[in-house]
Amino acid sequence: MQQTLKTLMLTAGLLASPLINANTSEQTTEALYQQHCASCHGSDRLGGMGPALLPDNLSRLKKDQAEDAIRNGRPATQMLGFADVLNEESITALAEYIYQPPEQEPVWGKSEIAASHLLPHPAGSLPDKPAYEADMMNLFLVVEIGDHHVTLLDGDSMEPIHRFASRYALHGGPKYSPDGRYVYFGSRDGWITKYDLYNLKVVAEIRAGINMRNIAVSADGGHIMAANYLPHTLVLFDADNLDLLEIIPVENDAKESSRVSAVYAAPPRNSFIAALKDIPEAWEITVENDKAKVRRMQTDTWLDDFFFDPGYQHLIGAARDGKHGLVINMDTGKTTADLPLPGMPHLGSGITWDYQGTRVMATPHFRSSAVSIIDMDTWKVIKTLETAGPGFFMRSHENSRYAWVDVFFGPNKDKVHVIDKQTLEIVKTLQPAPGKVAAHVEFDRYGKKLLLSIWDEDGAVIVYDAETLEEEKRIPMNKPSGKYNVWNKINYEEGTSH
């Protein structure tokens, strides 16, 4: 959150006046915002040097946390406290103000996107050889959300190579180019950053929207697509320099528009798949001659999260009611099965493996203490494993006999389960840092080692032996969240998210 409110503090040092004794009228609060916040967050709250201050963008920051940030600042950021400048009434009024929707819906179109384009190192301008020695296919990127940085980790030595600042609130996971040289980050504030892992430099950036959910890279590496909550658009870019190619309004035949929950690449189909938040449709988008063509698949309900079988022949979506999931044949666009998944599955974190001659998928649930294991031939739930709490992430590797799942939500969030993929039983429960969240596993390219995060500002990435399940070392980090191995991601390894 550091940049989300940091600019509320930046001009505080310039003020020599006593505590501002503002009332809570809308006009006075607007004036306070313009005086203290607009220089970095924009007079229209759409963001600038700092991110947008709009309700959707602040959805993960509670109002009392916003007040605390305004009052006391945030450690290790440019956010300075306003306690010596604003009284409590003014602080509360400002916090309330930034959670109110603007009178007119913000616009972020072609001119705004083009104006945001930054190109410090155009394609072809940097050396084509890595500036350091490492197995470039066994690198990890670790996102540290505590202070909005990313650490590049050598997957052989498990030692950090480089650490660099990221945009505010990365979301949806970084995506690699097919050769693994470049990585693309997406932030909640709509920024897409292209980073060169050979030269350790940002090579291009552009802001695709005001509130963005995630990005996807096409199978051939030639295109990037962004999924926006605000405005209701999908945006297509050329991958080389992030040049804008097309803005796709997301609406149905009745001109009802929708937020986009997520966009995914479907490599075997050479297409993108979009999940829509407000329209009961799923979209498949193909790109020819830098132009997008949309194919719409009608559904009986709204789908919030997607999973795909290995061949991308079927789409599995979680129904908004949190009680079931739908299986859609991607060729016909027809629903072919209904899955009983009553705990709001986190399908985006699902994994697959071979079990007794068939392919199964497994998913944790946001609302129930369970992991559902599903036969992907019959689309029947063959087992429901009880866990110590609702989970967020599940991971494995083709070369590992184990799957790991956290219990991110609930009182046991400091624990993580290890599941034997052939007995379908929990064989071990770890508690690596009592009282601190343990979550999100990622394996190295060989499936021999794995990383587990301790989600705390005084946190760490823990290295485990994937066979013995023994801890090998801890690498201190600032609230590390996701870890992303180059080989696993570009090869769509069965045990990791895609």
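Okay, let's start with strand S29, residues 449-455: six of its seven residues are buried, so the strand is largely enclosed by the rest of the structure. Before I go on, keep in mind that this is a predicted model.

So what does S29 pair with? On the one hand there's strand S28, residues 437-443, which pairs with S29 in the antiparallel sense over six bridges. If you want a register to check on your screen, take alanine 439: its bridge partner in S29 is serine 453. S28 and S29 make a hairpin with five residues between the strands, and in that hairpin glycine 447 takes a positive phi near 80°. That's one to look up if you're going through the backbone torsions.

Then there's strand S30, residues 459-465, which also pairs with S29, antiparallel and over six bridges. Here the register goes through leucine 451, whose bridge partner in S30 is valine 463. S29 and S30 form a hairpin too, with three residues between them.

Quick reminder for anyone who lives in helices: strands of a sheet pair through backbone hydrogen bonds, either parallel or antiparallel.

Next, another enclosed strand. How many of the six residues of strand S32 are buried? Six of the six, over residues 480-485, so S32 is largely enclosed by the rest of the structure. The strand joined to S32 is S1, residues 139-144, by four bridges, and the two run antiparallel. In that pairing, valine 142 stands opposite lysine 483 of S32.

Staying with strands for a moment, there's an open sheet of four, in the order S24-S25-S26-S27, with antiparallel pairing. Which strands are at the edges? Those are S24, at 394-395, and S27, at 425-430, and each of them pairs on one side only. S24 pairs with S25, residues 402-406, in the antiparallel sense over two bridges. Methionine 394 is the residue that stands opposite valine 405 in S25.

Right, helices. I picked one pair: H4, residues 63-72, and H5, residues 88-98. They pack at an angle of about 130°, with their axes 9 Å apart. With the roughly antiparallel class beginning over 145 degrees, H4 and H5 are therefore oblique to each other. The crossing of the two is right-handed.

Who's touching whom? From H4 you have Lys63, Ala66, Glu67, Ile70 and Arg71, and they meet Glu88, Ile91, Thr92, Leu94, Ala95 and Glu96 in H5. By type, the residues of that contact divide into five nonpolar, one polar and five charged.

Now look at burial within H4. The buried residues there include Ala66, Glu67, Ile70 and Arg71, and those names also turn up in the contact with H5. Ala69 in H4 is buried as well.

What happens just after H4? There, glycine 73 takes a positive phi of about 75°. Further along, in the loop between H4 and H5, you find leucine 80. Is leucine 80 buried, or partly exposed? Its relative accessibility is 44%, so it counts as partly exposed; the buried class would need under 20%. If you'd like a distance to check, the C-alpha atoms of leucine 80 and alanine 69 are separated by 8.4 Å, with the two residues eleven apart along the chain.

That's my tour. To leave you with one picture from each half: S29 is paired antiparallel with S28 and with S30, and H4 packs against H5 at about 130°. Okay, over to you.

Key. Residues are numbered from 1 along each chain as its sequence is written. This is a predicted model: local features need pLDDT of at least 70, side-chain atom pairs count only at pLDDT 80 or more; totals for chains, interfaces and linings use all residues. Side-chain values use heavy atoms; hydrogens and water are left out. Axes are lines fitted to C-alpha atoms, for helices over the stretch in contact, and angles run from 0 to 180 degrees between N-to-C directions. Angles under 35 degrees count as roughly parallel, over 145 as roughly antiparallel, 65 to 115 as roughly perpendicular and the rest as oblique. A crossing is left-handed if the near helix is turned anticlockwise from the far one by less than a right angle, and right-handed if clockwise. Contact means heavy atoms within 4.5 Å. Ala, Val, Leu, Ile, Met, Phe, Trp, Tyr, Cys and Pro count as nonpolar, Asp, Glu, Lys and Arg as charged, and the others, Gly among them, as polar. Two strands pair if DSSP finds at least two bridges between them. Buried means under 20% relative accessible area, exposed over 50%, partly exposed in between (1.4 Å probe, protein chains only).
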